[in-house]
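Reader: Could you take a close look at one part of this model for me? I'd like to hear about a single residue and its surroundings, and then how that fits with the rest.

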Amino acid sequence: MIQKELRTDGKAVQYIVLSTVLTLAFKYNWGTPFWGLEYEDAYAFSFCSRQFSYNIYPSSFLVDAITIGSLQEPIAMGTYGGHFITYSTFLSIFTQLFGWSFELLCIVNCVVSFFIMLILSLMFKTSKNWFIAPILYCCAPIINVFTTCMLSETFSSFICLIFVFAFWRRNTWSVKFLKYIAFFVALLCKRENLILCIFPALDALLCLKQSNVKNSIREVLYISIPYVSLIMVYFFSIQNVLEIEKIESTDIGMPTFSISYFIRLFPVFVKSLLSPFAFSICILVCIYILGLHLFKQRKITKQTIYPIVLFLMYLLLYSSHYRGWFFIQGTNVNEFETYRYINNFYFLLIVSTGSVCCFQTKKVMCFLLVLLGFSFYETKVSRQYYYNIEQKCRFDEVNEVLDVITKNGTKEPIMLICDNILLYQNLCPDNFYVCDIRYINNIDMKDNLTYFFVASDLNYLQKRYRINVDTSKFEQFRTLSSGNIIYKMTE
């Protein structure tokens, strides 16, 4: 459908050129890699896609990863609950063709962003200000930074945008097929995308306003049945998300949704959205444009109000859900922890703003160029800032550990027992053995392997997972620059 629209539009070359330039200037990392920083989410999808190259596949629609063993010899697998395999499966299409590398995955995410901006251009092709939407999408520095990371939100937002794009197109059979497929794939990306049901629900409510009751009921059924059917297939054949919430609730000893969470989280989300370093003034610009349009036109269309309602529903949903074990223990959430979630629905505000036209083109261009200049600078600064933090907090120790134990002089194969296992699995060779410390009691240390052990916080592991590591089996081998200790198993 997108190809057909490009083929029949005289401005197609302009859409492609603008999207390409914006992608290269704002979305590509240009040698400053950023995985996403958040453990385990930022590292699980990439490693799962790496496993596919070795014919290691999940046992369900949730992300599975090796907990004991190597890529060449997996011994045991574990599930990272709540993370679906859709994004990893998508990445694996490219890793199967070109081999696995972080740089390749970054390029794939950049291509996804290119198509996001191309679709935003096509959505408003009838407007002389069609370029506002793709440019505004690049004016939020933190969205640019998160484009090339290994979190699933950029891909998820792309699928959601396809659904929104198809939802307002003329209902041909090809459009219907694309719309329902996009809706279903969005559910397979992230369980919170169930909230996309707001669009057909709002349509159904409008149908009920018809004076002819019989026609109203027929229209409501016509709209609702496909979505209800897809949701039923999702719940009963793919993944019961209520069961996931139940498991997570048992794990943390608290409900996963709560008004008290909302009270703590909502101000943080609002602060993030209004941060000049994260979103420049994009949110204020969107609010101003929408407000001015409403003041001038005295009316609002479905193309404007639907995305706003969905945007607010996503904000309510994310603000009401717990944000990890430390959050439950009382640790405050900072703005960084909200950025990845906002990345999943930020495009909706752009879609809503792009549906109105309030300004003269010359004035718009001058303002957007200033905004783009600030965003370009802040994107570069933020990307470098988070790269430095990630290297210091995640990879410096990992690289040091790998360097130390691979040069220890032993001829036997090595197995490293560690807590942040995914960091090692994304960087280590395919024949390198690792063991998640949570499964330390599942390994037999009487084989021909040389065992090393390193952990960042034994007190946390004991409190969080009730793990008691018997360090008497190990001797201190090396003190790392971080202060943590590498232990080697005694003979």
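Author: Here's a walk around one lysine, followed by the cysteines and the overall picture. Keep in mind that this is a predicted model, where local features need pLDDT of at least 70, side-chain atom pairs count only at pLDDT 80 or more, and totals for chains, interfaces and linings use all residues. Residues are numbered from 1 along each chain as its sequence is written, and side-chain values use heavy atoms, with hydrogens and water left out.

So, lysine 488: you'll find this residue in strand 7, residues 485-489 (strands are DSSP runs of E, at least two residues, and helices are runs of H or I, at least four, numbered from the N terminus). Lysine 488 is buried, at 17% relative accessible area (buried is under 20%, exposed over 50%, partly exposed in between, with a 1.4 Å probe and protein chains only). Leaving out residues up to four places away in sequence, lysine 488 touches Asn408, Thr450, Tyr451, Phe452, Lys473, Phe474, Glu475 and Phe477; contact means heavy atoms within 4.5 Å.

On to the cysteines. There are zero disulfides, a disulfide being a pair of cysteine sulfur atoms within 2.5 Å. Cysteine 110 is buried at 7%, but its sulfur sits 6.9 Å from the closest cysteine sulfur, in cysteine 106, so that's too far for a bond. Cysteine 428 is buried at 4%, and its closest cysteine sulfur, in cysteine 418, is 8.9 Å off, again too far.

Zooming out, the protein has 22 helices and seven strands, and 55% of its 491 residues are buried.
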